[in-house]
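User: Hi! I'd like to go through this structure and hear the reasoning behind the labels, step by step. Could you take me through it?

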Amino acid sequence: MLTNGRLTNWAGNVTFSAQRVSRPASVGELRRIAAGSERVRALGTGHSFNPIADSPGDLVSVAGLPKVMEIDAGRATVTVSAGLRYGELAGQLDAAGWALRNLGSLPHISIAGACATGTHGSGDANGNLATAVSALQMVTAGGDLVTASREDDAERFGGLVVALGTLGIVTSLTLDLVPAFRIRQYVYEGLPRDQLDEHLPDIFASGYSVSLFTTWRGGPVDQVWRKCRAGPGDSPEPEPSRWRGAALAGHPLHPVPGMPPENCTEQLGLPGPWHLRLPHFRLEFTPSSGDELQSEYLVPREQASAALAAIDRIRDRVAPVLQISEIRTIAADELWLSPSYRRPSVAIHFTWIKDTSAVLPVLAAIEEQLAPLLARPHWGKLFTVSPEVVRGLYERLPDFQRLRGHYDPAGKFGNEMVDAYVPASLR
């Protein structure tokens with residue numbers, strides 16, 4: 001978006017410093033730009049809250065590339081253009097009888113950008129969005145078009161998907177599909193904290209996708225969003241009016257206090273297609289509050305109770321600058337730079353007021369509390385954890401550094417942030 005004539009991210013807290021912004025209309029044009037640039041990075045929908053997408057040279061939007069959506073029913077995959085948003089893809093998949101296993105909270109984000117940063121939805125058995133990627137095509141530093149797949153490039157594929165835009169500019173991805181399914185969404189209010197502490201694993205296992213929302217003001221968890229699989233034509237037993245001490249909401253709710261529930265996907269247990277229930281927000285409305293900053297930290301799932309208790313200890317600092325916090329689970333994966341690499345995780349997400357100077361000291365306090373639990377920050381959110389600490393949280397980082405050295409030996413696709421956190425190695 002443009003703010004005072006300058007290109008910014010969606011939240012407006014990052015002003016891009018690129019000298020040029022391009023929107024190539026073809027892969028051939030993109031190859032020429034990449035080959036002729038000294039420094040270049042891809043720009044998605046701008047939903048990152050830090051400078052991870054910035055470039056000191058050229059920014060390239062892949063949204064102008066020809067839109068592609070090719071379903072291979074025999075392989076149960078779909079190949080899509082990188083700039084496509086999940087909300088644009090999902091409805092067409094459902095109409096063809098297919099689905100993605102999971103979606104993020106909002107359908108507005110670009111597929112390539114979400115996968116590159118390890119963005120996720122919720123569900124004990126659901127990996128992050130990048131785990132659906134079985135192949136990708138990207139333009140590398142010399143303008144070459146390179147294709148890699150999970151099947152043919154098994155030894156390095158785990159480093160190619162969540163790559164933070166440092167290996168090349170992705171032009172298309174192939175995603176695994178499952179048969180289309182339906183979801184019922186129920187919202188409960190006022191989950192007692194003792195119930196959460198005693199039954200946390202069961203609460204998260206109670207639905208296909210479960211999210212907890214809290215303002216960290218003490219007392220019960222404000223809302224529990226349970227998204228449950230619905231069979232074709234099923235007539236389930238009525239949802240209980242009380243569950244784990246929480247009350248079933250009798251009207252639609254928005255997770256952010258004071259925001260209109262019309263912005264959110266259908267609730268009250270009405271069955272509907274996967275893509276109209278798994279996200280929290282509707283594609284046609286502004287997601288979340290729209291005037292915000294965001295942070296998120298992922299801890300091993302066995303440390304979930306300890307992490308929640310750690311944040312509760314400093315809730316008097318957190319609550320005054322917080323709009324809402326969401327707690328979710330994510331399955332482990334094999335993607336080298338994924339925050340859920342080889343560990344089932346609990347993600348604690350914070351939607352802050354839009355005041356960076358007020359939020360940053362609170363981030364430092366949260367990170368101090370979560371450091372003993374080996375919390376990994378979400379790559380696309382605000383965080384202040386040092387590069388040295390973050391590098392120590394990723395055991396495959398040396399392998400990834402060698403990939404950077406192979407695909408981009410001159411550091412063309414780097415910037416100040418990624419070069420600090422995942423520096424290239426030429427050896």
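Analyst: Happy to. Strands here are DSSP runs of E, at least two residues long, numbered from the N terminus. Strand 15 covers residues 221-230, and R226 is found in it. Please keep in mind that this is a predicted model.

User: Why is R226 called buried or exposed?

Analyst: Buried means under 20% relative accessible area. R226 has a relative accessible area of 9%, so R226 is buried.

User: What makes the approach of R226 to E239 a polar contact?

Analyst: The cut-off for a pair of N or O atoms is 3.5 Å. The side chains of R226 and E239 are joined at 2.4 Å, so the pair falls within that limit. The side chain of R226 also has a polar atom 2.9 Å from the backbone oxygen of S206. Leaving aside neighbours within four places in sequence, the contacts of R226 include R184, Q185, Y186 and Y188.

User: How do you know that R226 lies over the face of W243?

Analyst: For an Arg, CZ has to be within 6 Å of the ring centre and within 35 degrees of the ring normal. R226 is 4.7 Å from the ring centre of W243 and lies over its face. R229 gives another case: its charged end sits over the ring of F181, 4.2 Å from the centre.

User: Why is the pair of F181 and Y208 called tilted?

Analyst: A search of the whole structure finds 9 aromatic pairs. In this one, the ring centres are 5.4 Å apart and the planes stand at 55 degrees. Stacked needs planes under 30 degrees apart and edge-to-face needs over 60, so the pair of F181 and Y208 is tilted. The pair links distant parts of the chain, 27 residues apart: F181 is in the loop between strand 12 (178-179) and strand 13 (182-191), and Y208 is in the loop between helix 5 (193-204) and strand 14 (209-214). Both F181 and Y208 are buried, and they form one aromatic cluster with W274.

User: What makes F350 and W352 a stacked pair?

Analyst: Their planes are 10 degrees apart, with 5.0 Å centre to centre. Planes under 30 degrees apart count as stacked, so the label fits F350 and W352. Both of these residues are buried.

User: Why is H280 called buried or exposed?

Analyst: H280 has 3% relative accessibility, and the limit is under 20%, so H280 counts as buried. H280 is found in the loop between strand 18 (272-273) and strand 19 (293-300). Its side chain makes a polar contact of 3.5 Å with that of S211 and one of 3.3 Å with that of K227. Among the residues H280 touches, not counting those up to four places away in sequence, are F213, W225 and N263.

User: Which residues line the second largest cavity?

Analyst: The lining includes H280, S211, E326 and R328. Strand 14 and strand 20 (322-330) each supply at least two lining residues. The space in this cavity is about 40 Å³, and the structure holds 2 cavities of 30 Å³ or more.

User: Why is A249 called buried or exposed?

Analyst: With a relative accessible area of 7%, against a limit of under 20%, A249 is buried. A249 is found in the loop between strand 17 (246-248) and strand 18. Leaving aside neighbours within four places in sequence, A249 is in contact with V187, Y188, E189 and L268.

Methods
Residues numbered from 1 in each chain as written. Predicted model: local features only at pLDDT ≥ 70, side-chain atom pairs only at ≥ 80, totals over all residues. Heavy atoms only, no water. Helix = DSSP H or I, 4+ residues; strand = E, 2+ residues; numbered from the N terminus. Buried < 20%, exposed > 50% of the residue type's maximum accessible area, 1.4 Å probe, protein only. Polar contact = N/O pair within 3.5 Å; in protein donor to acceptor, adjacent residues only side chain to side chain. Contact = heavy atoms within 4.5 Å. Phe/Tyr/Trp six-rings, centres within 6.5 Å; stacked < 30°, edge-to-face > 60°. 1 Å grid on protein atoms, 1.4 Å probe; cavity = no way out; pocket = protein on both sides within 12 Å on 5 of 7 lines; lining within 4 Å. Points joined across faces, edges and corners; volume = space filled by probe spheres on them.
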